[in-house]
Amino acid sequence: MTLLAIDWILVLEKLILIAVIIFASLGIALYTTFAERKVAGILQDRPGPNRAGPFGLLQPFADGLKLIMKEEIIPNTSNKWLFILGPGLAMTAALMTCAVVPWGDKVELFGRTISLQIADINVGILYVFAVVSLGVYGIMIGGWASNNKFSLLAALRGASQAISYELAMGLSLIALLMTTGTLQLGEIVKQQQAPGHLWNIVYQPLGFLIFLVCAFAECNRAPFDLPEAENELNFGYHQEYSSMKLGFYLFSEYINMFISSAIMATLFFGGYDVPFLDESKLAPNMAAIIGIVALLVKVVIFIFFFMWVRWTIPRFRYDQLMNLGWKKMIPLALANMLITGAVVLYLHK
Amino acid sequence: MNATQIVFWFLSALALVSALMVLLSKNPVHSVLWLITVFFAISGHYILLNAQFLAIVNLIVYAGAIMVLFLFVIMLMNLNKQTEPQKNAWLKMAGAISGGCLLMILISLVKQANEITTKTARMKDGDIGLIGNLGKALFHDYVVPFEISSVLFLSAMVGAVVIGKKD
């Protein structure tokens, strides 16, 4: 089946894969909001949401329904198009990263071998980095278009925070690239899976720590949630938003958290690799399913860590945030890069 | 028309229309957003030429960093209101004529240039734009110019810090 010299079955296969991954991301993000409230409840010694459905499991749907049913308010003095564009951009940038994450190895269906990664491009890490740097626009445009001073201040804070921590994140990734020698995420996972090779966390512990801190800052999560510091900025860059547009902003934060957990698991914790298990001895479909479950388990652990930190550590002050970013994280990342470079050079000689 | 050509024409049209909108939109923030669209379209062209590294770096540096800076400046200067002074009609006409002349010269040059007309872009099999080949070229064949340009960047950075420190 070829028209215009395109393999349409491949296109269909990829479209289905994209749809599945996006809906799965949305579903997981939906339940992350629920988990956040439950974890907060446990950490604060109270039951958390327990009314809707058994154990409160229907709570996220109730929340979503509430958001959709609320009245859409677009402020009179706002810039209408950009006001609507803002949440859309935030959501798009949050979802775009999932294209390069290897969610599992290959599965065999209907005689075709389907890779569980949408696109294994050979600049995978740089793609992630590009999408992260585009994530700023959702916040900036939303905050500016609201025509509200608090929103604008929060948007500027958010953007400068994202830019500051992007640098350290990029430098920590360069050190990782020196050890792996490839930018392809699929290849990075394969390397970690290979017998005799440990997960990258062993070779890059400092790099992982820097990446983790920067991921917190990029997701605007506590203790770096300054763009939404209620007691200084009322509510943050989404103050003027209501209904599902607000929902998009809140939701994109959870998707960001999910995707950055998946990226961290892929880069440093072996992706879909199960430790002490030789996947090549299993049937390919079985191995793929075990791999997906392994990746999801790692992601869930990271998401729990995100929440644990949020409900444990108080928020930074703005100057502390900038100090940490520019005067501690970047020099540390540079030192890590130099040491890694020296060791790699020494081992090759 | 094959698929590559369809994508090429679509991206070209997108790039040209967005570039026009950069000039035509009254609101500077809109201009910045249209410029970001232009960069995306150009990155699409790079991907068609199999220059993936260039495409992604174009997005990171221009769409991701420089345009954020533009947005920052425009938002802080509050150019929202139409504060741009109205230029008179003669000045506009002179601008249009001189710009049109430049465009004509460029087009005629491109049409005459033998180097361009005899060479065609390699769409799928060209692999010089892949990151491994590009890195080898940069660090083997062009290592001295590369290092000199990085020293240039470093001095620019130091200069910016010095200017920023001066009160």
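Student: In chain B, what share of the contacts with a separation of 6 or more comes from residues 24 or more positions apart?
Tutor: This is a predicted model: local features need pLDDT of at least 70, side-chain atom pairs count only at pLDDT 80 or more, and totals for chains, interfaces and linings use all residues. Residues are numbered from 1 along each chain as its sequence is written, while chains are lettered from A and ligands numbered from 1 in the order in which they are written. Two residues are in contact if their C-beta atoms, placed from the backbone, lie within 7 Å. In chain B, among contacts with a separation of 6 or more, residues 24 or more positions apart account for 58%.

Student: How many helices does chain B have?
Tutor: Helices (H or I, at least four residues) and strands (E, at least two) are DSSP runs, numbered from the N terminus. Read from the N terminus on, the elements of chain B go α-α-α-α-α-α-α. The strand count is zero, and the helix count is seven.

Student: What percentage of chain B is buried?
Tutor: A residue is buried if 20 or more other C-beta atoms lie within 10 Å of its own, exposed if 12 or fewer, and partly exposed in between, with C-beta atoms placed from the backbone. Chain B has 167 residues, and the buried share is 13%.

Student: Which helix of chain B gives the most to the side that touches chain A?
Tutor: The contact joins 17 residues of chain B to 20 residues of chain A. One helix of chain B leads with twelve residues: helix α3 (residues 52-77).

Student: How many charged residues are on the side of chain B that touches chain A?
Tutor: Ala, Val, Leu, Ile, Met, Phe, Trp, Tyr, Cys and Pro count as nonpolar, Asp, Glu, Lys and Arg as charged, and the others, Gly among them, as polar. With 17 residues of chain B in contact with 20 of chain A, the chain B side holds 14 nonpolar residues, three polar and, for charged, no residues.

Student: How many residues does domain 2 of chain B give to the contact with domain 1?
Tutor: An automatic or database domain assignment sets the bounds. It gives domain 1 (3-129) and domain 2 (130-167) in chain B. Domain 1 of chain B gives six residues, and domain 2 of chain B gives four.

Student: Is Asn50(B) buried or partly exposed?
Tutor: Asn50(B) lies in the loop between α2 (28-48) and α3 of chain B. Its phi is positive, about 65°, although it is not a glycine. It has 18 other C-beta atoms within 10 Å, so Asn50(B) is partly exposed.

Student: How do α1(A) and α10(A) lie: roughly parallel or roughly perpendicular?
Tutor: Axes are lines fitted to C-alpha atoms, for helices over the stretch in contact, and angles run from 0 to 180 degrees between N-to-C directions. Angles under 35 degrees count as roughly parallel, over 145 as roughly antiparallel, 65 to 115 as roughly perpendicular and the rest as oblique. Helix α1 (residues 8-43) and helix α10 (residues 243-268) of chain A have axes 9 Å apart and an angle of about 105°. So α1(A) and α10(A) are roughly perpendicular.

Student: How many nonpolar residues are in the contact of α1(A) with α10(A)?
Tutor: The angle of about 105° belongs to this pair. Among the residues in contact are Ile28(A) and Ala29(A) of α1(A), with Phe251(A) and Phe258(A) of α10(A). The polar residues number three, no residue is charged, and the nonpolar count is seven.

Student: How do α8(A) and α10(A) lie: roughly parallel or roughly antiparallel?
Tutor: Helix α8 (residues 205-218) of chain A packs against α10(A) with axes 11 Å apart, at an angle of about 170°. Contacts include Phe208(A) and Leu212(A) on α8(A), and Met264(A) and Phe268(A) on α10(A). The two helices are therefore roughly antiparallel.

Student: Is Thr266(A) buried or exposed?
Tutor: Thr266(A) sits in helix α10 of chain A. Leaving aside neighbours within four places in sequence, its contacts include Val101(A), Leu185(A) and Gly271(A). Because 29 other C-beta atoms lie within 10 Å, Thr266(A) is buried.

Student: Which residue stands opposite Glu108(A) in β4(A)?
Tutor: Two strands pair if DSSP finds at least two bridges between them. Strand β3 (residues 106-109) and strand β4 (residues 112-115) of chain A pair in the antiparallel sense over four bridges. Opposite Glu108(A) stands Thr113(A).
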